[in-house]
Amino acid sequence: MTELGSRLKEARKEKGISLDDLQEMTKIQKRYLKNIEEGNYDSMPGKFYVRAFIKQYAEAVGLQPEELFEEYGNEVPSTQTEELPEQISRVQTRKRVAPDSVKVLNVLPRILVVAVIIAVLFLIWFVVSSLAGNNNKNKLGSGSSGNVSVQQSSDVKSSEKATAHHSSPSTETPKKSSATKEKKNSERPAGQKLEVVSSNGFTTTYKLSNTDQFKLELKTNGGQSWVQVKNSGGTTNFQKLMNDGDSQSADLSKQKEATLTIGNTANTQIFVNGKKLSYEIPVTKEVRQDIVIQFETSKPE
């Protein structure tokens, strides 16, 4: 067994995760996980897969893959030896590049011709529309200037009379309505706040405030997920492999903090006091995540 394999195995046992659980979390066959722990890389599909499987294993048990590769670099096989022979790669490159470049050269003149035609048509349309607009303006200006001026003067006088007659009631009504809205808004209590404090690697810290309750509920939807919940005292409230459709809840109102380990975030929904928590880190980027929720006890204002 290599030092890297021993390190991974110890981290897995500290989390209380079996090889079967790890297989479900990472979707890597159990025999490959066991070979990683024993340092038996010869039976793996390829050297590229060795590094990929070690990375997934490390993330699932809470270790940083980059640090492990740097510390135990001499134990991890290099992927450079799996490159194709130089002659084969040159032949494939010639076969692929040559036809593509010929196609581009054949199509390019046609694209330029179409672009020039479009530009000419647009220029013609612009000139015609400009001339038509100037003719319309000249007709309007010469035909009915006198009638328009008389009608505008009469409209202005009638609007001034209407404004003078109704000025006092119209100005007071908006003030009353705006004051009423401000008073209602000030009396309306604010809801609980759940905001992101920090996010690093696959760990996100949230802060729950403006409430005196901390009720947690986990639900699985779409598949299985291994979950673990610890309170601020380090005591485990529950840890289990949840199946599709399962739910688990806990009342942590007397705790200052809770740490959640989610093995499969894509299938796991987190609810805090009935409201769904949005993962700060996309589930497509980090499948396994640690969620820390700091609880600041307070009543809504």
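In which sense do strands β2 and β10 pair, and over how many bridges? In this predicted model, strand β2 (residues 203–211) and strand β10 (residues 289–297) pair in the parallel sense, and 7 bridges join them. Two positions illustrate the register: Thr204 lies opposite Ile291 in β10, and Leu208 lies opposite Phe295 in β10.

## Overall composition

The chain contains 8 helices and 10 strands. It has 301 residues, of which 27% count as buried. Its accessible surface comes to about 20200 Å², and carbon and sulfur atoms account for 52% of that area. Where contacts in the chain join residues at least 6 apart in sequence, 65% of them join residues at least 24 apart.

## The six-stranded sheet

Strands β2 and β10 belong to an open sheet of 6 strands, arranged in the order β1-β2-β10-β7-β4-β5. The pairing in this sheet is mixed. Strands β1 (193–200) and β5 (236–242) stand at the edges; each has a single partner strand, so one side of each is left without a neighbour in the sheet. From one strand to the next, the twist averages 15°.

On the β1 side of the sheet, β1 and β2 pair in the antiparallel sense over 7 bridges. One of the paired positions is Ser198, whose bridge partner in β2 is Thr205. The two strands form a hairpin with 2 residues between them. Gly201 lies in the turn of this hairpin and has a positive phi of about 65°.

Strand β2 therefore has β1 on one side and β10 on the other in the strand order. Its pairing with β1 is antiparallel, whereas its pairing with β10 is parallel. Strand β2 is also mostly covered, with 7 of its 9 residues buried.

## The four-stranded sheet

A further open sheet is formed by 4 strands in the order β6-β3-β8-β9, and its pairing is antiparallel. Its edge strands are β6 (247–251) and β9 (275–276), each of which pairs on one side only. Strand β3 (residues 215–220) runs antiparallel to β6, and 5 bridges join the two. Within this pair, Lys219 has Ser247 in β6 as its bridge partner.

## Helix α4 and its surroundings

Helix α4 (residues 47–60) has 14 residues. The distance from its first C-alpha to its last is 20 Å, close to the 20 Å expected at 1.5 Å a residue. The buried residues of α4 are Val50, Phe53, Ile54, Tyr57, Ala58, Glu59 and Ala60. These buried residues pack against four other helices: α1 (3–14), α2 (19–26), α3 (30–38) and α5 (65–71). After α4 comes Gly62, which has a positive phi near 90°.

## Salt bridges

The count of salt bridges comes to 8. Three of these pairs are listed below, with the separation of their N and O atoms.

| Pair | N to O distance |
|---|---|
| Lys30 and Asp20 | 3.3 Å |
| Glu217 and Lys219 | 4.0 Å |
| Asp290 and Arg288 | 3.1 Å |

The pair of Lys30 and Asp20 links distant parts of the chain, with Lys30 in helix α3 and Asp20 in helix α2, 10 residues apart. Helices α2 and α3 are also among the elements against which the buried residues of α4 pack. Lys30 counts as partly exposed because its relative accessibility is 36%. Asp20 likewise counts as partly exposed, at 44% relative accessibility.

Lys219, which has its bridge partner Ser247 in β6, forms a salt bridge with Glu217 through its side chain. Glu217 has a relative accessibility of 27% and therefore counts as partly exposed. Lys219 is partly exposed too, at 31%.

How accessible are the two residues of the remaining listed pair, Asp290 and Arg288? Burial requires a relative accessible area under 20%. Asp290 stands at 12% relative accessibility, so it counts as buried. Arg288 stands at 5% and therefore counts as buried as well.

Key. Residues numbered from 1 in each chain as written. Predicted model: local features only at pLDDT ≥ 70, side-chain atom pairs only at ≥ 80, totals over all residues. Heavy atoms only, no water. Pairing = 2+ DSSP bridges. Axes fitted to C-alpha atoms, helices over the stretch in contact; angles between N-to-C directions. Expected span 1.5 Å × (residues − 1). Buried < 20%, exposed > 50% of the residue type's maximum accessible area, 1.4 Å probe, protein only. Contact = heavy atoms within 4.5 Å. Areas by Shrake-Rupley, 256 points an atom, 1.4 Å probe, with all protein chains shown as cover.
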